[in-house]
Amino acid sequence: SISNAVANALLDFNPVPKNLNDVVTIPEGYSIDVLYRLGDPINNFTSEYKNDGTDTDFNNRAGDHHDGMFYFGMNDEGTAKDLNNSNRGLLCMNHENITEIFLHTEKEWDNYDRTSRTAAQIDKEVSAHGVSVIEIKKGKNGFNLNKNSVFNKRITAQTPIDINGPLQNHDLVKTKYSKDGSQTRGTLNNCASGLTPWGTYLTCEENWAGYFKRSNSTLLSDKKAASTQNRYMGSKESDGSYGWANSKTNNDLYDRWNIIPNAKQANEDYRNAANTFGWVVEIDPFNPTMTPRKRTALGRMGHEGAMPGNVKEGEPLVYYMGDDSKGEYVYKYVSRLKWNEKDRNGGLDIGNKYLDDGKLFVAKFNEDGSGEWLELSMSNEDIKSYKKYSFDDLGDLLVNTRHAADAVGATPMDRPEWAGVHPNTGDIYVTLTNNSKRGNSMQLDASNPRYYSDTKNSSSRDGNVNGQIMRIQELENNPSASTFNWDIYLFGAQADANGNINISKLTDDNDFSSPDGLYFSQASKGLMWLQTDDSAYTDVSNCMMLAALPGKHNDGGSKQITNKNVPTNNNQDETITTKVGAEASTKNLKRFLVGPKECEITGIAETPDGKTIFVNIQHPGEKTKDLKNASLYGSNWPDKGTARPRSATVVITKNDNGIVGS
Ligand code: FEO
Ligand code: CA
Ligand code: CA
Ligand code: CA
């Protein structure tokens, strides 16, 4: 059959060697182009990006730190959705964060002070966050941005967004901006993403918690609010990541980042502003005038992404989600309504049906390879009897999703990042990127089984240094099952590490560390892309992307791992038995790409025919401390010479017009 022919041809490329070059390295037989860089104008009335810190107007330019993305096909005329079209479409992508130094001039950077910011600098940084929707069109030279498209737009950390689901009009999201709790401004720290069968984009808010100015939580008279702050932001006072509340100009635009109560009523100040972040947000790229919606039924956390299970008529829609912080959890959302194929052509109102009303579950991984999805609802006895936080109603529970997950006894994981669902087997794969606390202050367990301390002894080489990929098989492959089986599909490691660390037997052709992005190609079913965000192995190679063909659940059987001198075990050795996937080989795992210096590889999208992929190169040169000497920039990619580095989207095709990854 055709699908077998495709399957046999996958991974038929020469693996890319690890390297520290300031370029994107891809296999021979492939071509690469840069499509969309930080600051690139998205229309014809915005100037070209000078890239010297003087540029403004990021509402009309690419934001920074390109991350999760999806391609949504449109018709050849460019007027409407046609999800099967591989020649013209809308690319939706996240701009997670900023590399501050490269957004400002040398003089501004010399005087950079988080306790006293100019309004213009804050406005620039706020607008460099968020989401891009851009139309791209294939011509003789491949894909290019269509600057004339009416669909091009930026959604930023300042754009009005509706609050939908159980938190709509809830007391906990009422602010001076939206006294009835129906809206907020902005989406923030958009990391990975997701999509719906009706062709809308889901963007996920991850490290929003750092952005708010706050007092020490012990100073709050509202003890529940203090408990929420402690669980999501820590107890300490802060000016917020970039000092956006500390503008020299007194204006509501900046006050909104200050959550310290300063008025009588909650809807007269911004004490609840942080409660309006930490959600999954739905955007309809084909309806540019529609206000995006925060889908609060999917819980509030450091949302990495929201990846759908395989969609089936008559079954609920299911989303798998990681909360990326040390010792946080893996979640599943199951819609109340069952999927109806007639809804394929809808927009945000279809989202109201499936994403505003459903059940939220959190994962418990048992030592024997079984697991349970524990429901987070007001009728759960563990929620009702929880001593550390008393939940008033479902809205309160969802704002405090982490407290609720604590209450039911979920398993603390090694930083859950992306999830992906195998299109053939239905198995769910979740990257657990690393966790410096594992074995140090968090006990080892079967689902987080590794600890080591490197003699080189930088702080990033202690704990679970290299990360692993969890695989979940729902009971009877039913996505709404309440129990599952799990194994660890693959362990990150350096090729030369010993067998208790390099458990998957990685070699120079496929070794990696800190898995993060994970995506199953829908075109060539069974091909999985794996992207890294590493700090442990970056003396040997820049971050990378690998292609994988995962096998069956637990195809590696049982494994004993002996961890040396584990601090949580009184510095004694600790042996953990766990279920694992088959060992790696170049038949099932190969390095496909290595990025430029000091970047992270994150975000991948494909055209429906699988012949074009889009990959995001995030924060090249991020460690740069000084603007004076361009030869000391951590990277000059992609513009070369003495240019400041820029996050950017690249387009990769195979020269023989084949499927990418074959
Ligand atoms: Fe934004 Fe967890 O990566
Ligand atoms: Ca990530
Ligand atoms: Ca990461
Ligand atoms: Ca990142």
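Begin by selecting I576, which is found in strand β28, spanning residues 572–579. The model on display is a predicted one. I576 counts as buried because 20 C-beta neighbours lie inside 10 Å, and 20 or more is the threshold for that class. Next, add L444 to the selection: 132 residues separate L444 from I576 in sequence, yet their C-alpha atoms are 7.9 Å apart in space. With residues up to four places away in sequence set aside, I576 touches L444, A446, P449, I561 and N563.

**The nonpolar cores**

Now select L91, C92, V362, L593 and F614. These residues have the most contacts inside the largest nonpolar core, which has 161 residues. Colour strand β23, residues 483–491, as well: this strand gives the most to that core, with six residues. Apart from the largest core lies another, of seven residues, including I98, I101, F102 and L627. As background, nonpolar side chains in soluble globular proteins tend to be buried together.

Which residues are in contact with L593, leaving aside its neighbours within four places in sequence? They are V16, V24, T25, I26, M544, M545, I601 and V615.

**An open sheet of four strands**

Proceed to the sheet whose strand order is β1-β32-β31-β30; this sheet is open and its pairing is antiparallel. Its edge strands are β1, residues 30–37, and β30, residues 600–606, each of which pairs on one side only. From one strand to the next, the twist averages 25°.

Within this sheet, display β1 together with β32, residues 648–654: the two strands pair in the antiparallel sense over seven bridges. To locate the register, select R37, which stands opposite A648 in β32.

From here, move to P638, which is found in the loop between β31, residues 612–618, and β32. The peptide bond leading from W637 to P638 is cis, with omega near 0°.

**Two positive phi values outside glycine**

Select D57 in the loop between β1 and β2, the latter covering residues 66–73. D57 has a positive phi of about 65° although it is not a glycine. Is D57 buried, partly exposed or exposed? It counts as partly exposed, because 15 C-beta neighbours lie inside 10 Å.

Then select N657, in the segment after β32. This residue, also other than glycine, has a positive phi, near 65°. N657 counts as exposed because it has 8 C-beta neighbours inside 10 Å, and the limit for that class is 12 or fewer.

**The β9–β10 hairpin**

Turn to strand β9, residues 190–195. Six of its six residues are buried, so β9 is largely enclosed by the rest of the structure. Add strand β10, residues 201–205, which runs antiparallel to β9 and is joined to it by four bridges. L195 in β9 has Y201 in β10 as its bridge partner. The two strands form a hairpin with five residues between them, and G199 in the turn has a positive phi of about 80°.

**Strand β14 and its partners**

Select strand β14, residues 316–322, next. This strand is mostly covered, with six of its seven residues buried. Show two pairing partners in turn:

- Strand β13, residues 307–308, pairs with β14 in the antiparallel sense over two bridges. Here P308 stands opposite Y319 in β14.
- Strand β15, residues 330–338, runs antiparallel to β14, and six bridges join the two. Here V334 in β15 is the bridge partner of V318.

**Helix α6**

Keep β14 and β15 displayed and add helix α6, residues 348–355, highlighting its buried residues L348, I350, G351, Y354 and L355. Rotate the view to look down the axis of α6: the buried residues fall within an arc of 140°, so they line one face of the helix. What do the buried residues of α6 pack against? They pack against β11, residues 280–283, and β12, residues 293–295, together with β14 and β15. Select these four strands with the helix to end the tour at this packing.

Conventions
Residues are numbered from 1 along each chain as its sequence is written. Chains are lettered from A and ligands numbered from 1 in the order in which they are written. This is a predicted model: local features need pLDDT of at least 70, side-chain atom pairs count only at pLDDT 80 or more; totals for chains, interfaces and linings use all residues. Two strands pair if DSSP finds at least two bridges between them. Axes are lines fitted to C-alpha atoms, for helices over the stretch in contact, and angles run from 0 to 180 degrees between N-to-C directions. A nonpolar core is a set of buried Ala, Val, Leu, Ile, Met, Phe, Trp, Tyr and Cys residues joined through C-beta atoms within 7 Å. Two residues are in contact if their C-beta atoms, placed from the backbone, lie within 7 Å. The arc is that of the directions from the helix axis to the C-beta atoms.
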